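Hello,

Here is the structure I promised to pass on to you. My notes on it follow below.

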Amino acid sequence: MKKSFKYMPILILVNFPSTSVSAQTGNWENRYLHRIEANRTEGKTNFYNGVSASMYVFSLGVPLTYLATGLVKDNKEIKKTALYLTETMVITQIISFSTKAIVNRDRPAVSDPTLHPVNEANNASFPSGHTSGAFALATSLTIVHPKWYVAVPAYSWATLVGYSRLYLGVHYPTDAMAGAVVGAGSAWLSYRLNKWMHKSKKNKQIDIIK
């Protein structure tokens with residue numbers, strides 16, 4: 001069971017579309033966003049606004065909580081986890097904003113003025129930075145704690161964050177899908193880099209002893 005959760009990021013990368021999707025708007029995406037807009041309510045809007053905003057709260061709060069706990073307990077492993085989570089979030093945002101600049105996809109309401117977003121967003125649409133951040137956190141937490149009771153709520157929350165961006169009318173479905181790929185991939189990349197660096201450092205120490 002532990003091993004299956006450890007490799008969950010690979011399953012996500014396989015099941016989500018590649019980040020090389022076209023920057024052009026698909027008609028099905030417009031229709032889907034129009035259907036969501038037609039079914040908005042005040043209650044759901046408040047809920048998804050909160051879900052969307054929670055990405056910033058958790059992406060900052062979780063690493064800081066690990067760091068504070070590690071410092072209080074003077075626990076190197078917990079401090080290493082805090083560093084890993086922070087590195088993952090930084091890598092995710094660098095990739096997300098770099099891709100936004102390269103692809104430069106217009107927001108849904110810009111391409112289709114008949115769409116009315118709940119919130120205004122000024123930068124490019126592809127990929128969704130909120131979704132990438134949420135999936136980066138969910139994936140990194142699952143890697144650190146490969147348990148179903150960590151993975152299920154973490155990925156459920158990340159999925160809600162992705163959907164909230166569609167509900168609020170600021171992203172296309174493929175933006176959210178690409179964001180999930182970027183986030184999960186960044187967490188896995190950061191994990192592998194940390195393992196490689198730790199192994200390399202350990203080998204150097206052994207050579208020095210010899």
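Let me begin with a residue on the outside: Leu64 counts as exposed, at 53% relative accessibility (exposed means over 50% relative accessible area, buried under 20% and partly exposed in between, with a 1.4 Å probe and protein chains only). Leu64 sits in helix α4, and its C-alpha atom is 7.0 Å from that of Ala82, 18 residues apart along the chain.

A word on conventions. This is a predicted model, in which local features need pLDDT of at least 70 and side-chain atom pairs count only at pLDDT 80 or more, while totals for chains, interfaces and linings use all residues. Residues are numbered from 1 along each chain as its sequence is written, and side-chain values use heavy atoms, with hydrogens and water left out.

Overall picture

The protein chain has nine helices and zero strands, where helices (H or I, at least four residues) and strands (E, at least two) are DSSP runs numbered from the N terminus. Of its 210 residues, 43% are buried. Taking contacts (heavy atoms within 4.5 Å) between residues at least 6 apart in sequence, 83% join residues at least 24 apart.

The cores

Which residues touch the most other members of the largest nonpolar core? They are Leu85, Leu137, Leu141 and Trp157, in a core of 26 residues. By nonpolar core I mean a set of buried Ala, Val, Leu, Ile, Met, Phe, Trp, Tyr and Cys residues joined through side-chain atoms within 4.5 Å. At least two residues of this core come from each of α4 (42–73), α5 (76–103), α7 (129–144), α8 and α9 (173–209). Another core, of 10 residues, lies apart from it and includes Ile36, Tyr167, Leu168 and Tyr172. As general background, nonpolar side chains tend to be buried together in soluble globular proteins.

Trp157 deserves a look of its own: leaving aside neighbours within four places in sequence, Trp157 is in contact with Ser54, Met55, Phe58, Ala134 and Leu137. Next to it in sequence is Ala158, in helix α8, which counts as buried because its relative accessibility is 0%. With the same neighbours set aside, Ala158 is in contact with Ala134, Phe135 and Ala138. From Ala158 to Ala138 the C-alpha distance is 6.6 Å, although they are 20 residues apart in sequence.

Ser140, in helix α7, is a polar residue to inspect here. Ser140 counts as buried, at 1% relative accessibility, and a polar atom of its side chain lies 3.0 Å from the backbone oxygen of Leu137. Beyond its neighbours within four places in sequence, Ser140 is in contact with Tyr84, Leu85, Thr88 and Ala187.

How α3 meets α8

Helix α3 (residues 27–38) packs against helix α8 (residues 148–167) at about 85°, with the axes 9 Å apart. Axes here are lines fitted to C-alpha atoms, for helices over the stretch in contact, and angles run from 0 to 180 degrees between N-to-C directions. The two helices are therefore roughly perpendicular (65 to 115 degrees; under 35 is roughly parallel, over 145 roughly antiparallel and the rest oblique). Tyr32, Leu33 and Ile36 of α3 make the contact with Tyr163, Leu166 and Tyr167 of α8.

Loops and backbone

In the loop between α6 and α7 you will find Asn119, which is partly exposed at 29% relative accessibility. Its side chain makes a polar contact with the side chain of Asn49 at 2.8 Å. A polar contact is a pair of N or O atoms within 3.5 Å; within protein, one must be able to donate a hydrogen and the other to accept it, and residues adjacent in sequence count only if both atoms are side-chain atoms. Not counting residues up to four places away in sequence, Asn119 touches Asn49, Leu168 and Val170.

Most residues other than glycine have a negative phi, and most peptide bonds are trans. Against that background, please check three places. Phe126 and Pro127 are joined by a cis peptide bond, with omega about -5°, and Pro127 is in the loop between α6 (108–111) and α7. Asp74, in the loop between α4 and α5, has a positive phi of about 50° and counts as exposed at 59% relative accessibility. Asn104, in the loop between α5 and α6, has a positive phi of about 55° and is exposed, with a relative accessible area of 55%.

Best wishes
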